[in-house]
Every structure is written in structure tokens, then in C-alpha cells.
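Morning, everyone. Please put the model up on the screen, and we'll walk through one chain.

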Amino acid sequence: MVGVSVGHRVSTDHQLARLLQIGIVLEEVVEVRAARHYDTLSPDERDAEIEALLEEAREESADHRERLESLIEELDAEAVPLDEIEALVESTYAQTGPESFDGVLYDQLHGEETAYKFYDDLIEAVEASDAAFALDRERLLTTLTEIRDEEAEGVEEVTAIMEARE
Amino acid sequence: MNTADQYLKAIYLVQKMENGPASTGALAERLDVSPASVNEMIGKLQDRGLADHEKYKGVSLTDEGIEQAREALQTYCIIERFLHNVLEVEEFPSEAKALESVIDETVAERLDTIIEREPQCPDCFDAEADMCAELVSEGEAD
């Protein structure tokens with residue numbers, strides 16, 4: 001017999017909602033950091049390519065966050081203090097940020113890679129579970145897979161820019 | 001966190017509490033698995049040079065095993081503190097246990113950037129209470 005603490009699986013609506021909330025926080029972090037990076041670039045560091053990348057990352061994260069929120073709404077789980085999370089993430093990053101130009105790209109890359117890993121593990125855990133969730137399983141997996149693949153594309157985009165600048 | 005890391009963390013904490021090798025029974029109880037499962041995993045950890053098993057005494061981590069166990073414990077501590085401090089989850093110890101297998105170390109590191117963790121982490125982890133010492137009072141109030 002395998003206990004609940006060992007092994008990769010998601011067995012309840014509550015647990016799934018919690019994991020989706022963690023996804024929202026990760027997106028929030030990417031979003032806030034991208035905005036922050038954009039603001040902290042000095043005029044000679046700014047260029048159209050980087051600005052477009054950060055803008056796109058910010059929009060994509062906001063879109064992912066909304067899609068995760070709509071999944072949570074369908075679950076039988078309590079609401080999340082999302083406004084508070086947003087405020088917390090913003091205040092945490094108000095004083096910090098990467099100092100160099102390379103740091104901006106590297107940080108963006110790291111954020112997208114982390115998000116990719118998170119969604120990939122979550123998809124695996126949902127697939128390993130035979131639990132019936134309050135939302136449509138296919139919709140859940142399709143949404144998570146789409147989001148994961150967009151993170152993978154993001155990683156590729158940042159990597160391409162980094163390589164071109166070497 | 002993968003299953004091996006969950007075992008390493010449990011062995012580390014049981015060893016800390018017992019001040020010696022961890023018995024199969026104590027590990028089975030802590031991880032809520034059968035003694036047979038524990039023995040099977042101990043064999044794997046031994047093969048990887050992460051643990052030593054002595055008959056009738058129990059299992060002890062090697063230096064490499066200790067290092068890996070401490071990293072796993074730190075990841076676990078981040079999950080507990082994140083659930084408690086950011087998502088304001090009252091039942092954070094049970095939820096952290098339910099989620100630890102799905103949260104990777106790299107993801108925990110990212111979450112770590114928005115929580116305040118003590119520099120002595122994971123040395124301050126309370127093995128008896130099975131939670132971050134900073135959160136013990138809140139956990140007991142549930």
C-alpha cells in the first residue's frame with residue numbers, strides 16, 4: 001500500500017485547486033518581474049527586441065493566470081485571496097531586481113523554465129490520478145498542456161535572443 | 001520532490017529524533033507506507049551510496065545522503081511556509097505533505113523568493129512536530 005505522502009498524484013478538488021493557485025503565483029512572479037525589468041532597463045540597454053519580449057511575457061503570464069483562475073472557479077474549493085497575493089508579490093519585488101542586462105534575460109529564462117517544470121509535473125500528477133474532479137478532465141489537461149507548451153516556446157525565444165547576443 | 005527524496009528526508013528526521021539509526025518501523029509509520037516498501041527503497045538508497053543499512057539497528061544516511069536530505073527538507077520547509085504565509089492555509093502541515101511530491105525543487109526555489117525564510121533553515125526544522133519551527137505555534141493552534 002502506498003500512503004498519500006509518497007508518489008505523484010492529485011486526488012482531490014482541493015489539492016488540484018491548491019496546485020493551480022501555486023501556478024497563479026508563479027505566473028504572477030513572472031509578470032511582475034517582467035514589468036519590473038522593463039522599468040529598470042537604462043535607456044542604452046533598451047531595444048525593441050527586449051521590450052517586445054518582456055511585454056509579451058507579461059501578457060502571456062496574465063493570460064495564463066486568467067485561464068488558471070477560470071479552472072479554479074469550476075472546482076469545489078474555497079476562494080483565494082488573489083488581490084493579496086498580487087500585492088505581496090509586487091511589494092516583494094519593489095526593492096529587488098537583476099542589475100545587469102544579462103540578468104534580465106537570465107531571470108526571464110529561469111522563470112519560464114520553472115513554470116514549464118511545474119506544469120509538466122502537474123500534468124503528470126493529474127494523469128496518474130483516477131480521481132473525478134468537479135471540472136472536465138479533458139479541458140483541464142488541454143489547458144495545462146497549452147500553457148506548458150507556451151512556456152516551452154518562451155524558453156526557446158529567450159534562449160534564441162541570448163545566443164544571438166553572445 | 002521525488003519519492004527517494006521523501007525517504008531521505010524522513011530518515012534524516014527520524015535519525016535526528018532517535019539520535020541514531022532510523023528503524024524500518026519508524027520510517028513506515030512516518031511515511032504511511034508498509035515496512036516492505038521501506039526496505040525496498042532503503043535497498044535502492046544503499047545502491048546509490050546515500051544510506052547504510054545495518055541489520056537489527058536500522059538505516060543511517062551517508063554524508064551524500066545527508067546533503068540531499070537537507071535539500072529536500074529545505075524544499076519542504078519552503079512549501080510549508082509558502083502555504084502558511086502566502087496562501088494563508090491553516091492546515092498547512094497536511095497540505096504540504098499532500099503536495100510535496102508534485103512540487104519540484106526548482107519550483108520551490110522560485111516560491112522561496114516571496115517568503116521570508118530564516119538563514120538557519122533547515123537546521124531549525126522541528127522533527128517531532130514535523131514542521132518548520134517558526135510555524136510550530138500556529139500549527140498547534142489548529
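Let's start at a single glycine. Gly49(B) follows helix 3 of chain B, and its phi is positive, near 75°. Keep in mind that this is a predicted model.

Now back up into the helix itself. Helix 3 of chain B covers residues 35-47, which is 13 residues. At 1.5 Å a residue, it should span 18 Å, and its end C-alpha atoms are 18 Å apart, so the two agree.

Which residues of helix 3 of chain B are buried? Ser37(B), Val38(B), Met41(B), Ile42(B) and Leu45(B). Why do they sit on the same side of the helix? Because they cover an arc of only 135° around the axis. Now turn to the face that points away from that buried side. There you find the exposed residues Ala36(B), Glu40(B), Gly43(B) and Asp47(B).

What covers the buried residues of helix 3? The cover includes helix 1, helix 2 (24-31) and helix 4 of chain B. Strand 1 (51-54) and strand 2 (58-61) are also part of that cover.

Next, helix 6 of chain B, residues 105-112. Its buried residues are Val107(B), Ala108(B), Arg110(B) and Leu111(B). Note that there is an arginine in that list. These residues cover an arc of only 160° around the axis, so they lie on the same side of helix 6.

Step back to the domains. The assignment splits chain B into domain 1 (3-65) and domain 2 (67-140). Their centres, taken over C-alpha atoms, are 21 Å apart. Domain 1 puts 14 residues into the contact, and domain 2 puts in 11 residues. On the domain 1 side, helix 1 (3-18) and helix 4 (63-86) each give two or more residues. Helix 1 has the largest share, with 9 residues. By type, the domain 1 side is 7 nonpolar, 2 polar and 5 charged.

Last stop, the partner chain. Here 22 residues of chain B are in contact with 28 residues of chain A. On the chain B side, helix 1, helix 5 (92-99) and helix 6 each supply at least two residues. That side divides into 10 nonpolar, 6 polar and 6 charged residues.

One element to take away is helix 1 of chain B. Helix 1 helps cover the buried residues of helix 3. Helix 1 also gives 9 residues to the side of domain 1 that touches domain 2. And helix 1 supplies at least two residues to the side that touches chain A. Thanks, that's my slot.

Terms used
Residues numbered from 1 in each chain as written. Chains lettered and ligands numbered in written order. Predicted model: local features only at pLDDT ≥ 70, side-chain atom pairs only at ≥ 80, totals over all residues. Domains from an automatic or database assignment. Contact = placed C-beta atoms within 7 Å. Helix = DSSP H or I, 4+ residues; strand = E, 2+ residues; numbered from the N terminus. Nonpolar A, V, L, I, M, F, W, Y, C, P; charged D, E, K, R; others polar. Buried ≥ 20, exposed ≤ 12 C-beta atoms within 10 Å, placed from the backbone. Arc of directions from axis to C-beta. Expected span 1.5 Å × (residues − 1).
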